[in-house]
Amino acid sequence: MDPKKPLCLPSLLLPLLTLLLPQADTRSFVVDRDHDRFLLDGVPFRYVSGSLHYFRVPRVLWADRLFKMRMSGLNAIQFYVPWNYHEPEPGVYNFNGSRDLIAFLNEATIADLLVILRPGPYICAEWEMGGLPSWLLRKPSIHLRTSDPDFLAAVDSWFKVLLPKIYPWLYHNGGNIISIQVENEYGSYRACDFSYMRHLAGLFRALLGDKILLFTTDGPEGLKCGSLKGLYTTVDFGPADNMTKIFALQRKYEPRGPLVNSEYYTGWLDYWGQNHSTRSIPSVTQGLKNMLKLGASVNMYMFHGGTNFGYWNGADEKGHFLPITTSYDYDAPISEAGDPTPKLFALRNVISQFQEIPLGPLPPPSPKMMLGPLTLHMDGNLLNFLYFLCPQGPIHSILPMTFEAVKQDHGFMLYRTYLTRNIFEPTQFWVPNNGVHDRGYVMVDGVFQGVLERNMKYKLFLTGKVGAKLDVLLENMGRLSFGSNHSDFKGLLEPPILGQRILTQWLMFPLKVDKLVKWWFPLQLLKRSRPQTPSGPTFYSTTFKILDSGGDTFLFLPGWTKGQVWINGFNLGRYWTKWGPQQTLYVPRPLLLPRGALNKITLLELENVPSQPQIQFLDSPILNSTSHKTYIYSLSADTQSASEPMELSGH
Ligand SMILES: CCCC/N=C1\SC[C@@H]2[C@H](O)[C@H](O)[C@@H](O)CN12
């Protein structure tokens, strides 16, 4: 059954056709408790939906992804609205470009897809701080996701901007939004604060009216604290879970009404340093078929995962700190590069057994491109550009300050102090209480000494002369997006100790690396000014042209260790070749310039550069390599096809 489109008809036809078509005031999406189903405009309706996140896909590719989802047989999509993506500073809002939520809603309408919206305020989603803005932590004692007045004041202020924007897009107002989720798996959060949930429900009703269907989503363990009277209770589970048992739990809260799985996992997320996650096609398709046989409405999480560009990945904490990878491919039916996979066709086949799907072929995989190897030249140690990276100069404090305290939300901050005595014997340097959040690259007078890691390696042994600079470049690897505490402060949370002495008198340099990379050219002159040590945080770059129409491609960094990549000033994300499992970064074709134009790639390598500082662009991704081997794919000149890879030494 095709979802209705909002009335966007030529004005001449409107008077005539409005007599025939449903008016906005007859449009409705409701729960029919007599028959345990949804009704769309009074007609029985079941949604088969898929999740994709506009904030993980460049805007120019939205229409492509949505069209493929519709052609897969979906009649709805589900997506979050990340608060931190739209309110970078308190009271400062951004709904432009790839943040243009209304444009995305319109693209969904054009693709003939209804929308299940999940505006949070917390969204999880393996997104930085679960979508909450880190500036909330400038009040360190704030109790996130509770009825803490400071938290609610910020939530109210944000939703009084956001919810009026989506009001016209509600289905009964002529839009495509059929339901809205309140919070996200709240029952999994320690607080269990019903005042908070009631506040949110009241706010949503006040700003969205009483017609829109509001719902909650929880896993089987979370229903007690996650559900609320007046909000339709839904559940989430994957192919390996016991569907009968979990739907029975939903029935305890919703004795009548449709069964709904709001997150049916088609794949799973990846952590740096862990094995790549997959879910088998037979298990995923069988689970979907079982639910559709019951008449359940289902949203598949994810249908298209996309990418954590920039610093936007979140993290989990399971014994130790687990940052999420740059790729959010999720082993989803539509790959990170937007290509239909065998899993998509298998799911489409299942859907077609239960409801009408659009006729016609899925688009073929997008054109792919190989290029390289390219050799990068060293532009200089990060310290060489310190005053360009921190033009306002450092902040001085007796004890080190957090990122939040100096209002640095993401990326990097340099902490500097000076040795007050000679250290001739290797002396332990460490941070108490696991206080490195998250990685500290340590230098003495600019010479790289090693890395301090949260929950992992937390001491080094240093020597140095009195007056020597002791620098710690602190990398924020993304704030916790799930778990008992999202107040994941970043930086040196405790003063480091050298030997038996607490080090005091610190300079903090919040680094605006992205700005420097954008305005690189004037700084090229600097790099010759001082001898460069090819170790520790160092910038490398090169330029390159595409010789034909080009295509999507996958940046491969064989032998590099860990760092950040920019292409034409766009922050492509983090790489961690040494740890994997992701070995390549997805590069959408629209990020590259037209044939013949000069593209620029810049790397900030944080640890060790390979003996041959080369990179390659491959025509397929490598997301499942946990081995520390690295390969160079030599290109045969004529076909640009990769020969058998040649193995380089491991790390
Ligand atoms: C046992 C898993 C509990 C955490 N929940 C997860 S992990 C993957 C997904 C996304 O984060 C999604 O945003 C969550 O709502 C549910 N979920």
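**Exercise 1. Helix α4 and its partners**

Which elements do the buried residues of α4 pack against? Work it out on this predicted model, starting from the residues themselves.

*Solution.* Start by picking out the buried positions in helix α4, which covers residues 101–110: they are L101, A103, F104, L105, A108 and T109. Next, look at what these side of the helix meets. The buried residues of α4 pack against strands β4 (48–52), β5 (76–80), β6 (114–118) and β7 (177–181), plus helices α2 (62–71) and α5. Finally, check what comes after the helix: α4 is followed by D112, which has a positive phi, near 65°.

**Exercise 2. Helix α2**

Find out how many of the 10 residues of α2 are buried, and list what they pack against.

*Solution.* Count first: seven of the 10 residues in α2 are buried, so the rest of the structure largely encloses this helix. The residues in question are W62, R65, L66, K68, M69, R70 and M71. Now for the partners. Buried residues of α2 pack against β4, β5 and α4, and also against β11 (297–304), α10 (342–352) and β32. Just past the end of α2 sits G73, with a positive phi of about 105°.

**Exercise 3. The largest nonpolar core**

Describe the largest nonpolar core, then zoom in on I177.

*Solution.* A bit of background: in soluble globular proteins, nonpolar side chains tend to be buried together. Here the largest nonpolar core has 105 residues, and I77, I177, I180 and M300 have the most contacts inside it. Helix α5 (residues 149–166) gives the most to this core, namely nine residues. Now take I177. Setting aside neighbours within four places in sequence, I177 is in contact with L105, V115, L117, I166, W169, L170, Y171 and I212. One of these, L105, already turned up among the buried residues of helix α4.

**Exercise 4. Sorting out cysteines**

How many disulfides does the structure hold, and why does C124 not bond to its closest cysteine sulfur?

*Solution.* As a reminder, a disulfide is a covalent bond between the sulfur atoms of two cysteines. The structure holds one. It joins C192 to C225, with an S to S distance of 1.9 Å. The pair links distant parts of the chain, 33 residues apart: C192 is in the loop between β7 and α6 (194–208), while C225 is in helix α7 (residues 223–226). For handedness, use the torsion about the S-S bond: it is about -85°, so this disulfide is left-handed.

Then check accessibility. C192 counts as partly exposed because its relative accessibility is 22%, whereas C225 counts as buried at 13%.

That leaves C124. Its closest cysteine sulfur is in C225, 17 Å away, which is too far for a bond. C124 is buried as well, with a relative accessible area of 7%. And C390 is buried with a relative accessible area of 0%.

**Exercise 5. L592, T602 and I502**

For each of these three residues, say where the residue lies and whether it is buried or exposed.

*Solution.* Take L592 first. L592 lies in the loop between β32 (584–587) and β33 (599–605). Even in a loop, L592 is buried, since its relative accessible area is 5%. Leaving out residues up to four places away in sequence, L592 touches M369, F544, I546, G551, T553, I567, N568, V587 and N599.

Next, T602 lies in strand β33. At a relative accessible area of 2%, T602 is buried. With residues up to four places away left out, T602 touches V517, F539, Y540, S541, Q564, V565 and W566.

Last comes I502, in strand β26 (residues 501–502). Exposed means over 50% relative accessible area, and I502 is exposed because its value is 52%. I502 also joins I398 and L399 in making a nonpolar surface patch of about 280 Å².

**Exercise 6. The whole chain**

Put together the overall numbers for the protein chain.

*Solution.* Secondary structure comes to 12 helices and 36 strands. Of the 651 residues, 60% are buried. For contacts between residues at least 6 apart in sequence, 76% join residues at least 24 apart. The accessible surface is about 24,800 Å², and carbon and sulfur atoms account for 58% of that.

How values were computed:
Residues are numbered from 1 along each chain as its sequence is written. This is a predicted model: local features need pLDDT of at least 70, side-chain atom pairs count only at pLDDT 80 or more; totals for chains, interfaces and linings use all residues. Side-chain values use heavy atoms; hydrogens and water are left out. A nonpolar core is a set of buried Ala, Val, Leu, Ile, Met, Phe, Trp, Tyr and Cys residues joined through side-chain atoms within 4.5 Å. Buried means under 20% relative accessible area, exposed over 50%, partly exposed in between (1.4 Å probe, protein chains only). Helices (H or I, at least four residues) and strands (E, at least two) are DSSP runs, numbered from the N terminus. Contact means heavy atoms within 4.5 Å. Patches are made of residues with over 30% relative accessible area and no salt bridge: like charges are joined within 9 Å, nonpolar side chains (Val, Leu, Ile, Met, Phe, Trp, Tyr) within 5 Å. Accessible areas come from the Shrake-Rupley method with a 1.4 Å probe; for residues, only the protein chains shown count as cover. A salt bridge is a side-chain nitrogen of Lys or Arg within 4 Å of a carboxyl oxygen of Asp or Glu. A disulfide is a pair of cysteine sulfur atoms within 2.5 Å.
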